[in-house]
Amino acid sequence: PRAELAPTVPKLRTFKINPALKGKIIGAGGKQVRTIIEDFELSGLDIDAESGRVEVTGFDSEKLDEAQTFMEELLEEFDSTPLLPPYEGPPPDVGQIYTGKITGIHDFGCFVELIPGPEDMSTRGFESLCHVSDLAKEKVRNCQGYIKSVINSDKIEVMYMGETDGGKSKCSRKAVLEGQNGTLVAEGNANIAQLTFKIDDPSKKGVIVGRGGKTINSIIGTYELANINVNDESGEVVLSGVDEDKMEAAKTYILELLKDATESKKYDGPTPDVGKIYEGKVTGIHNFGCFVELVSGGGSGQGFDALCHISELDIGRVASTKAFVDELGTETLQVYYTGKDARGRANCSRKKALEVMSEDPMVEILNCLGKESDSEQPEKESDAIAEAIESV
């Protein structure tokens, strides 16, 4: 018997973790689990919330072993930390300003310990969430970058705002800033500088922000900025940070980014036919899906791109766009053009294409006949046509 399954056969690894630590693998907004799937080229990663059973699937046995080791080591420090009982003391006073310790930083905000727990560590302290929208008077794009550059301390002054409708406690640094002009005494208060410039067309703000804020967060992280704000009406851009040279470099990058977006030619050819299957080149891969060029722009400019959402990539569930496309081992996809949505965005579906071709084998025959002959693999093309004809 063969000791190892063929590379084309999916493999499965199972192991158990503490169910209470599931969130450490998932991460904020699923960011950690997506990173694990992509870094170790997995097909899927599922965790049972009750039993803690982890199922990892993929084609590479070594990658599966590495992924398991990574997750087990990731949870080691948390497993050894005792889970203290919840806070039992009196709640903070609503409207009162507290100097608290930052106990956790996430994309959505930071947790602040307003009242420390007892010295014998018999219970936890009182923690409250300071949402990213309550960190400053201006909009904060990158929570971790802002805290590192502006607050520059593990201490933060916040006002306790009480509980939300869902029973979660909340606090606000913005409320303190609005009520007190000047420096907050508890914080490190790094020497923050600002660089201001204007862009010619305020409507190009979206180029700087990017899909879901991905571009602007990348700029903040790459150039170690505290924040970036773009005025919708005036086009004024304000960069905040500690290093002025890096702010200048960020400004240059933003202006070049806008220049490229302005100079790039838009597709001006005929619109693809709705309901037709196209074989297009994958032009971009994202967590939410991939973009496929249905009609090539040639040398004249940009082609016609359509989004194939991750839910439309395959008949079964796809956990990671990148891992799935990599496993296919091709730069092109056969997709069914479904048309444009209410916001004018073009969409396509590989799942629909597979369903149509399985229902009507003649579609596959026509697809094979419509391609230019591959002189290096003529037998492969002939076999594909023969198989499709045989199934009719």
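At 28% relative accessibility, Phe288 counts as partly exposed, whereas Phe291, with a relative accessible area of 14%, is buried. Both residues belong to a predicted model, and the values given below are computed from that model. The chain has 392 residues, of which 36% count as buried, and its secondary structure comes to twelve helices and 16 strands. Among contacts with a separation of 6 or more, 61% are between residues 24 or more positions apart.

**Aromatic pairs**

A pair of aromatic rings is described by the distance of the centres and the angle of the planes. The count for this chain comes to seven aromatic pairs, and two of these are set out in the table.

| Pair | Centre to centre | Angle between planes | Class |
|---|---|---|---|
| Tyr223 and Tyr253 | 6.1 Å | 45° | tilted |
| Phe288 and Phe291 | 6.4 Å | 85° | edge-to-face |

Tyr223 and Tyr253 link distant parts of the chain, 30 residues apart: Tyr223 sits in the loop between helix 7 (214–222) and strand 10 (225–230), and Tyr253 belongs to helix 8 (residues 244–263). Tyr223 is buried at a relative accessible area of 18%, while Tyr253, at 36%, is partly exposed. Why is the pair of Phe288 and Phe291 edge-to-face? The planes of the two rings stand at 85°, and planes over 60 degrees apart count as edge-to-face, so the pair falls in that class.

Beyond these pairs, Tyr87, Phe126 and Tyr160 form one aromatic cluster. A charged side chain also meets a ring, with Lys352 lying over the face of Tyr336 at 5.7 Å from the ring centre.

**The largest nonpolar core and helix 4**

In soluble globular proteins, nonpolar side chains tend to be buried together. The largest nonpolar core of this chain has 22 residues, and those with the most contacts inside it are Val112, Leu114 and Leu135. At least two residues of this core come from each of strand 4 (97–106), strand 5 (109–115), strand 6 (126–131), helix 4 (143–151) and strand 7 (155–163). Helix 4 supplies the largest share, which is five residues.

Leaving aside residues up to four places away in sequence, Leu114 touches Pro92, Tyr98, Phe126, Ser128, Val158 and Tyr160. Two of these residues, Phe126 and Tyr160, are members of the aromatic cluster that also holds Tyr87.

Helix 4 itself is mostly covered, with seven of its nine residues buried. The buried residues are Cys143, Gly145, Tyr146, Ile147, Ser149, Val150 and Ile151. What covers them includes strand 4, strand 5 and strand 7, together with helix 5 (173–179) and strand 10.

**The open sheet**

Strands of a sheet pair through backbone hydrogen bonds, either parallel or antiparallel. One open sheet here has three strands in the order 1-3-2, and its pairing is antiparallel. Strand 1 (11–16) and strand 2 (42–47) stand at the edges, where each has a single partner strand, so one side of each is left without a neighbour in the sheet. Direction ignored, neighbouring strands of this sheet are turned by 15° against each other on average. Six bridges join strand 1 to strand 3 (residues 53–58) in the antiparallel sense, and Arg13 stands opposite Val56 in strand 3.

**The barrel and helix 9**

A barrel is closed by five strands in the order 12-13-14-16-15, with mixed pairing. From one strand to the next, the twist averages 55°. Strand 14 (residues 304–309) and strand 16 (residues 346–349) run parallel and are joined by two bridges; the bridge partner of Leu307 in strand 16 is Asn347.

Helix 9 (residues 321–328) lies across strand 12 (277–286), strand 13 (289–295) and strand 15 (332–340), and runs at about 130° to strand 12. Which residues of helix 9 are buried? They are Thr321, Ala323, Phe324 and Val325, and they pack against helix 2 (31–39), strand 2, strand 12, strand 13 and helix 10 (350–359). Strand 2, one of these packing partners, is also an edge strand of the open sheet. Just after helix 9, Gly329 takes a positive phi of about 65°.

Key: Residues are numbered from 1 along each chain as its sequence is written. This is a predicted model: local features need pLDDT of at least 70, side-chain atom pairs count only at pLDDT 80 or more; totals for chains, interfaces and linings use all residues. Side-chain values use heavy atoms; hydrogens and water are left out. A nonpolar core is a set of buried Ala, Val, Leu, Ile, Met, Phe, Trp, Tyr and Cys residues joined through side-chain atoms within 4.5 Å. Buried means under 20% relative accessible area, exposed over 50%, partly exposed in between (1.4 Å probe, protein chains only). Helices (H or I, at least four residues) and strands (E, at least two) are DSSP runs, numbered from the N terminus. Contact means heavy atoms within 4.5 Å. Rings of Phe, Tyr and Trp (its six-membered ring) pair if their centres lie within 6.5 Å; planes under 30 degrees apart count as stacked, over 60 as edge-to-face and the rest as tilted. A charge sits over a ring if NZ of Lys or CZ of Arg is within 6 Å of the ring centre and within 35 degrees of the ring normal. Two strands pair if DSSP finds at least two bridges between them. Axes are lines fitted to C-alpha atoms, for helices over the stretch in contact, and angles run from 0 to 180 degrees between N-to-C directions.
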